[in-house]
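I set out to look up the enclosed spaces in this model and then one of its helices. My entries follow in the order of the look-up.

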Amino acid sequence: MPQDPLLISGTFLDEISHDIPHQNWGRKEWEADFGHMAKMGIKTVVLIRSGYQRFLSYPSKYLMNKRGCYEPPIDLVALFLELADKHGMEFYFGTYDSGEYWQTGDMARELDDNLFVIEEAYQQYGHHASFKGWYLGLELSRKTKGAIDTIARLGKECKNVSGGLPVFISPWIDGKKAVLAADSTLKKPNAVSLEEHRHEWNEIFDGIKGAIDIVAFQDGHVDYHELEDYLRINKELADKHDLTSWTNIESFDRDMPIKFMPIKFEKLLLKLKAAQKVGCEKAITFEFSHFMSPQSAYLQAGHLYHRYMEHFDLT
């Protein structure tokens, strides 16, 4: 019997502008975008981070006082929750990223601020029907100093303040395409082997089990012909450690010298099929509004949306 295709049913929300341009949308544009998401079948929206360095997506009294963060002109968290409520979507709140550990490689320094942010955010927004979980926005991979203890403590705190709502992470595979946005190259010479990946992530999952519920590896750091093998290991390890296995389908292209532009539809389809083949339960994307939305600043994003809708007969 033919199997139903694995479709994208979740997206990150990224308007804090770490390494892609801000679209300067207001309520009108966000209302339209949530409508486009709903039409495509998006049921889960994930705030990728509630703040980055001094810029915030909500007016956090703690971060403005402690970190000198700027008061935002619009409370995007409140707006996103309102729109998620309206469309019956699930919203995951993303934690704060000071930006420091990207320079130091030490994640432990992110712990204290986020313990306060988690409590503050749930007190302020936890009453929304769509507030269904947490996203730990401190991206990790192998050899991230202090990552296991920090992720475990933050995951447990999220559960403690919210009555056990699920916690999810989206790490990256240290493959040949794992280069920084500011790097002039597209690939690096040394990439993690399959066996190294299996061994190291077995240790990481063992250290964070009980604190994390869902893992969705970013799928853009290895070549397309390698992806299925890495996804299969990810799924096997997730099953072993009682984690739900999603995949993070990147809808931007890591093969282009301009970082970052919407991905070619054929590449998106290859990655969806690989994730389905190994049994990933759900596909989310980074991210709809820049790289798949008909109203994105990138004209190619709308074309990707239309090719996706046509292919899966969603029009």
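**Entry 1: cavities.** I searched the structure, which is a predicted model, for enclosed space and found two cavities of 30 Å³ or more.

I looked up the largest cavity and noted a volume of about 60 Å³. Its lining consists of K177, V179, L180, A181, L186, R254, K259 and F260. I sorted this lining by class and obtained five nonpolar, no polar and three charged residues.

For the second largest cavity I recorded a volume of about 40 Å³. I listed K177, G220, V222, Y224, E250, F252, D253, R254, I263 and K271 as its lining. By class, these divide into four nonpolar, one polar and five charged residues.

**Entry 2: helix 1.** I next checked the length of helix 1, residues 27-40. At 1.5 Å a residue, its 14 residues should span 20 Å, and the end C-alpha atoms are 20 Å apart, so the expected and modelled values agree.

I then asked which residues of helix 1 are buried. They are W30, D33, F34, M37 and M40. These residues cover an arc of only 120° around the axis, which means that they lie on the same side of helix 1. I noted the general reason: an α-helix has 3.6 residues a turn, so residues three or four places apart point the same way.

On the face turned away from the buried side of helix 1, I found the exposed residues K28 and K39. I also looked up what covers the buried residues of helix 1; the cover includes strand 1 (8-13), strand 2 (44-47), helix 3 (76-87), helix 10 (288-291) and helix 11 (299-311).

Last, I recorded that G41, just after helix 1, takes a positive phi of about 105°.

Key:
Residues are numbered from 1 along each chain as its sequence is written. This is a predicted model: local features need pLDDT of at least 70, side-chain atom pairs count only at pLDDT 80 or more; totals for chains, interfaces and linings use all residues. Side-chain values use heavy atoms; hydrogens and water are left out. On a 1 Å grid over the protein atoms alone, a cavity is a set of points where a 1.4 Å probe fits but cannot get out, and a pocket is an open set with protein on both sides within 12 Å along at least five of seven lines; lining residues have an atom within 4 Å of a point. Grid points are joined across faces, edges and corners, and a volume is the space filled by probe spheres set on the points. Ala, Val, Leu, Ile, Met, Phe, Trp, Tyr, Cys and Pro count as nonpolar, Asp, Glu, Lys and Arg as charged, and the others, Gly among them, as polar. Helices (H or I, at least four residues) and strands (E, at least two) are DSSP runs, numbered from the N terminus. The expected span of a helix is 1.5 Å times one less than its number of residues. Buried means under 20% relative accessible area, exposed over 50%, partly exposed in between (1.4 Å probe, protein chains only). The arc is that of the directions from the helix axis to the C-beta atoms. Contact means heavy atoms within 4.5 Å.
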